[in-house]
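Q: Please take a close look at the salt bridges in this structure. I am new to it, so explain the terms as they come up.

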Amino acid sequence: LFLKKNILASIHSPMSETPTIMDRIAPFVIGGLSGMTATTCIQPIDTVKVRIQIKGEELGSAADPNPIKCAKEVYADGGVKSFYKGLDSALFR
């Protein structure tokens, strides 16, 4: 039990004068998790945006840039999962 307390104290101790490993790594971990959360929230909007852009390239001036209509089409194609296609590669970026 005494050994466990010493190990935990050495990992993160607010009273220590030198930064511990956790003090150095924590900003990177927190930043990475916040970026992944933001990407997950924005992915459906980005999917609709990309679909509108692709339609614009394919159809030219005949394309209808209505995001609501496009979102309904994406949902009809594969449900909620289709909004998150490509999320894995976006998270690794």
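A: What follows goes from the chain as a whole to its salt bridges, and then to the patch and the cysteines.

This is a predicted model, in which local features need pLDDT of at least 70 and side-chain atom pairs count only at pLDDT 80 or more, while totals for chains, interfaces and linings use all residues. Residues are numbered from 1 along each chain as its sequence is written, and side-chain values use heavy atoms, with hydrogens and water left out.

The protein chain has 4 helices and 0 strands, where helices (H or I, at least four residues) and strands (E, at least two) are DSSP runs numbered from the N terminus. The order of elements from the N terminus is α-α-α-α. The mean pLDDT (the predictor's confidence in each residue, from 0 to 100) of the protein chain is 84, and 83% of the residues reach at least 70. Confidence is lowest in helix α1 (residues 2-11), with a mean of 55, and highest in helix α3 (residues 67-78), with 94. Where pLDDT is low, the predicted coordinates should not be read in detail.

Now the salt bridges. A salt bridge is a side-chain nitrogen of Lys or Arg within 4 Å of a carboxyl oxygen of Asp or Glu, and the count by this rule is 3. For the residues involved, buried means under 20% relative accessible area, exposed over 50%, and partly exposed in between (1.4 Å probe, protein chains only).

One salt bridge joins aspartate 46 to lysine 49, with 3.2 Å between the closest N and O atoms. These two residues are separated by about one helical turn because they are 3 residues apart in helix α2. Aspartate 46 is partly exposed at 29% relative accessibility, and lysine 49 is partly exposed at 42%.

Another pairs aspartate 77 with arginine 51, whose closest N and O atoms lie 3.4 Å apart. This pair links distant parts of the chain, since aspartate 77 is in helix α3 and arginine 51 in helix α2, 26 residues apart. Aspartate 77 has 60% relative accessibility and so counts as exposed; arginine 51, with 28%, counts as partly exposed.

Lysine 55 and glutamate 73 form a salt bridge with a closest N to O distance of 2.4 Å. Here too distant parts of the chain are linked: lysine 55 belongs to helix α2 and glutamate 73 to helix α3, 18 residues apart. Lysine 55 is partly exposed, with a relative accessible area of 24%, and glutamate 73 is partly exposed, with 31%.

Helix α2 (residues 21-59) also holds leucine 33. Leu33 joins Ile21, Ile25, Val29 and Met36 in a nonpolar surface patch of about 460 Å². Patches are made of residues with over 30% relative accessible area and no salt bridge, like charges being joined within 9 Å and nonpolar side chains (Val, Leu, Ile, Met, Phe, Trp, Tyr) within 5 Å.

As for the cysteines, the structure holds 0 disulfides (pairs of cysteine sulfur atoms within 2.5 Å). Cysteine 41 counts as exposed because its relative accessibility is 54%, whereas cysteine 70, at 3%, counts as buried. Of the 93 residues of the protein chain, 14% are buried.

Conventions
Accessible areas come from the Shrake-Rupley method with a 1.4 Å probe; for residues, only the protein chains shown count as cover.
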